[in-house]
There are 2 protein chains.
Amino acid sequence: MTIRLLLVDDHAVVRSGLRMLLESEPNLEIVGEAGAAQDALRLVELLQPDLVLMDIGLPDASGIDTTLAIKQRWPAVAVVALTIHEDEEYFFRMLHAGASGYVPKRAAPEELLTAVRTAAAGEVYLYPSLAKLLVQDFVAGARPAQAEALSGLTEREQEVLAYLAEGSSNLEIAEALTISPKTVARHRENIMAKLNLHSRTDLVKYAIRKGIIQP
Amino acid sequence: MTIRLLLVDDHAVVRSGLRMLLESEPNLEIVGEAGAAQDALRLVELLQPDLVLMDIGLPDASGIDTTLAIKQRWPAVAVVALTIHEDEEYFFRMLHAGASGYVPKRAAPEELLTAVRTAAAGEVYLYPSLAKLLVQDFVAGARPAQAEALSGLTEREQEVLAYLAEGSSNLEIAEALTISPKTVARHRENIMAKLNLHSRTDLVKYAIRKGIIQP
DNA sequence: CGCGGCCTGGGGTGAATCACCCATGCCAGG
DNA sequence: CCTGGCATGGGTGATTCACCCCAGGCCGCG
């Protein structure tokens, strides 16, 4: 099976170079080129390629928005981002837009080919330095805090906060900790004052942000 | 610079095969082998390798726990998981443990070598099918719902729910929607009944799970 | 045309919460 | 030794919550 590929980059020279590189590969056919977002969308509709190799910097619209538009209308079309941008910002936004691969232009030619083949197979190729960013985000996002200072809460206050965040009432917490409900209320007041929160629901959101509880 | 590598797998035959494969590579030295978690930890301390190639299925302890132990004591040591497991479960747990690479045993030898070189360089190598899982988790985790049915809530109820989730009181919501506080209370009762929730804090957690609000 | 669902309001009750006030021990650090 | 932070309690009053009751108006659907 041959991969039918659409090339999107606003620089004709770059497109030529990519065409040279990609056409030397077997089972890979470049069915079209586009230098602008409008052309890209039109050609996707016209040619129904398997894969779009997308530059982010386009003259008339962002490659991110273009990717989003393509994935919304033709979800089966894989999009691989090929760009000079290696920062978190563009990378994450491109993933959200539905990209199946992300390769910086400084990457080795073989890596681009790997990304194209991988994305065409329905998988995802991530350039290692960007995979690292994603994994960091994953690990951090899943459980950000716990060991964090919790803004100067005492041990007992943190303990009470954990129960409060679960939605327990003062009485329930009091029984769990075998102290008076009034003491629980006292702790809660101190907690809310220290964290500058003003309601139980704010406490829940705070606890989720800090990873104390799972939503 | 030569990569100093420690091989951890409980099958001697597999270790031999890997040694054959890896030793044919330049700039790669296998400094030791371990068949059990205890040996692995001991050898890491003794040999201070750059990288540990870790099987998950070990006789005395999980490769995941072993990875965690290694990364806690020697964060500079890169760990690449090489395993038969390709499901989300092991993959995500291995990432949490601190792995810099994840390669299924069915992968091509070149992919293992790429993973080793990438991880040794401080980056992350993810096998494409697993990179796909991670990206899916990333995209889903960031904004999971919104368009979902919300379990049969009416439009007005969803509107009230949005305010409730923010922690607004009945009176505040009433003023925002220019209706009576009693009506807000009524909507809230219906919402809680439909969603089988029993407190405002439960509503907040529900709203965060559904992506209605951000924590 | 009636039926049911939705939105809108009102009343009531008991419990819980909130936001203040107060005090007592205990223990560490200046 | 004594000041301050921490944990532990009590009290009070206003407010809110959670859960019941009720009903009228509107709109679509059979």
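Student: How many salt bridges does the rule find across the interface of chain B and chain A?
Tutor: Two of them. A salt bridge here is a side-chain nitrogen of Lys or Arg within 4 Å of a carboxyl oxygen of Asp or Glu.
Student: OK, which side chains meet in one at 3.6 Å?
Tutor: Glu166(A) pairs with Lys205(B), 3.6 Å from N to O.
Student: And which elements of chain B give two or more residues to the side that touches chain A?
Tutor: Helix 4 (88-97), helix 6 (128-142), helix 7 (155-166) and helix 10 (200-209) of chain B. Helices are DSSP runs (H or I, at least four residues), numbered from the N terminus. Helix 6 of chain B gives the most, 10 residues.
Student: How many residues does each chain bring to the contact?
Tutor: Chain B brings 30 and chain A brings 31, where contact means heavy atoms within 4.5 Å.
Student: How much area do chain B and chain A bury between them?
Tutor: About 2800 Å², with 71% of it on carbon and sulfur atoms. That's the accessible area (1.4 Å probe) that two parts lose on being put together, summed over both.
Student: Hang on, what kind of model is this?
Tutor: This is a predicted model, where local features need pLDDT of at least 70 and side-chain atom pairs count only at pLDDT 80 or more, while totals for chains, interfaces and linings use all residues. Residues are numbered from 1 along each chain as written, chains are lettered from A and ligands numbered from 1 in the order written, and side-chain values use heavy atoms, leaving out hydrogens and water.
Student: What is the mean pLDDT of chain A?
Tutor: It's 82, and 90% of the residues of chain A reach 70 or more. pLDDT is the predictor's confidence in each residue, from 0 to 100. Over residues 142-149 of chain A, though, the pLDDT is below 50.
Student: New topic: what domains does chain A have?
Tutor: The assignment, which is automatic or from a database, gives domain 1 (3-141) and domain 2 (150-209). Their C-alpha centres lie 48 Å apart.
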